[in-house]
Structure formats: structure tokens, C-alpha cells
Amino acid sequence: MNNSQELLELTDDQISKKFRVDGHWGLAIGIDLERCNMDKITNPDIIRDFIISVCDYINMKRFGEPIIIKFGNDPKLSGYSLMQLIETSSITGHFKDFDGSAFLDIFSCKAYSPHATANFCKKYFNAQKLKICYITYRD
């Protein structure tokens, strides 16, 4: 099922049940966070702590250390980017210094609670606004 709007209207329990019952092998969410705490999204140590914390929160085993690199020539786009392999896939993200935005993508072959996870991320970075861009299953 790839109907994002339909999935956004389901609860985490309904999504987890559908994931198990329909036999899908992957669940991906895109999380947009606006107006995050600038001290958090511009600090690589806090970003590293975040990836450890979110992996613990969704019960995913990290594979190796996270890659956290700051880059970008355009001041409106530059900031830290993050890549963390997990045993069931990966978590990536980019944090924009310019406006305090964070864009996170979580894909896993193991079920997790997408709405609760998105709210965990919002709280962690003290974001003022949260949008889940999509929720999708992969057959």
C-alpha cells in the first residue's frame, strides 16, 4: 500500500497491524520539523545523541557509528547531514542552519510506530511544527 493520506489517518497500532498482516517488508516515513532549537541542530554531539536515542526509542540496533558531516556552500541549505545504518535499513537526516529545519527519513524492515516516532523527534529538537511527509509500505 502506498496511499500516504490513507496511512496518515491510521493510528500507530493500526499501521503496525497492517504491516504484520499484509506481510510488507518495509516501512518508511519522512519527517519535516520546522523552527527547531538552533543549539540542538547545529551541534554534532547533540545530533549523535539524537540518533542513539531514536534508535533506542524505536528498538532498532545501530550498525556502526553514525556519519555526521556539516557541508553546503549555499547558506540557505547548509547544515549537518546524518546517516545511521541500522540492522534493518537506515535513518538519514539533514538540518538547515538557515531556518532551523530538520528533515528526517526512517526506513526499516522492522515495524515501528511512525506517529510516535515523529513526535519523539519533534520533542527532541524542540520543533514548533511537525509534518509527516509520507508513510509507505514496500511490498
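This tour moves through a predicted model, from strand β1 to a surface patch and then to the salt bridges.

Residues are numbered from 1 along each chain as its sequence is written. Because the model is predicted, local features need pLDDT of at least 70 and side-chain atom pairs count only at pLDDT 80 or more, while totals for chains, interfaces and linings use all residues; side-chain values use heavy atoms, with hydrogens and water left out.

**Strand β1**

Begin by selecting residues 26–34, which make up strand β1. Helices (H or I, at least four residues) and strands (E, at least two) are DSSP runs, numbered from the N terminus. Eight of the nine residues in β1 are buried, a term that denotes under 20% relative accessible area, with exposed meaning over 50% and partly exposed in between (1.4 Å probe, protein chains only).

Next, add β5 (101–108) to the selection. β1 and β5 pair in the antiparallel sense, over seven bridges; pairing requires that DSSP find at least two bridges between two strands. Label L27 and S108 to see the residue of β5 that stands opposite L27.

**The nonpolar patch**

Now show I67, I69 and F71 as a surface. Together these residues form a nonpolar patch with about 300 Å² of accessible area. Patches are made of residues with over 30% relative accessible area and no salt bridge, like charges being joined within 9 Å and nonpolar side chains (Val, Leu, Ile, Met, Phe, Trp, Tyr) within 5 Å. Accessible areas come from the Shrake-Rupley method with a 1.4 Å probe, and for residues only the protein chains shown count as cover. Centre on I69, in strand β2; this residue is partly exposed, at 45% relative accessible area.

**Salt bridges**

The whole structure holds six salt bridges, each defined as a side-chain nitrogen of Lys or Arg within 4 Å of a carboxyl oxygen of Asp or Glu.

Remain in β2 and select K70 with D97: their side chains meet in a salt bridge at 2.8 Å, N to O. D97 lies in the loop between β4 and β5 and K70 in strand β2, so the pair ties together parts 27 residues apart in sequence. D97 is buried, with a relative accessible area of 18%, whereas K70 is partly exposed at 44%.

Proceed to E87 and K61, whose closest N and O atoms are 3.7 Å apart in a salt bridge. E87 sits in the loop between β3 (79–86) and β4 (89–96), and K61 in the loop between α4 (44–57) and β2 (67–71), 26 residues apart. Both E87 and K61 are exposed.

Finish at E34 and R35, which form a salt bridge with a closest N and O separation of 3.7 Å. E34 is partly exposed at 32% relative accessible area, and R35 is partly exposed at 47%.
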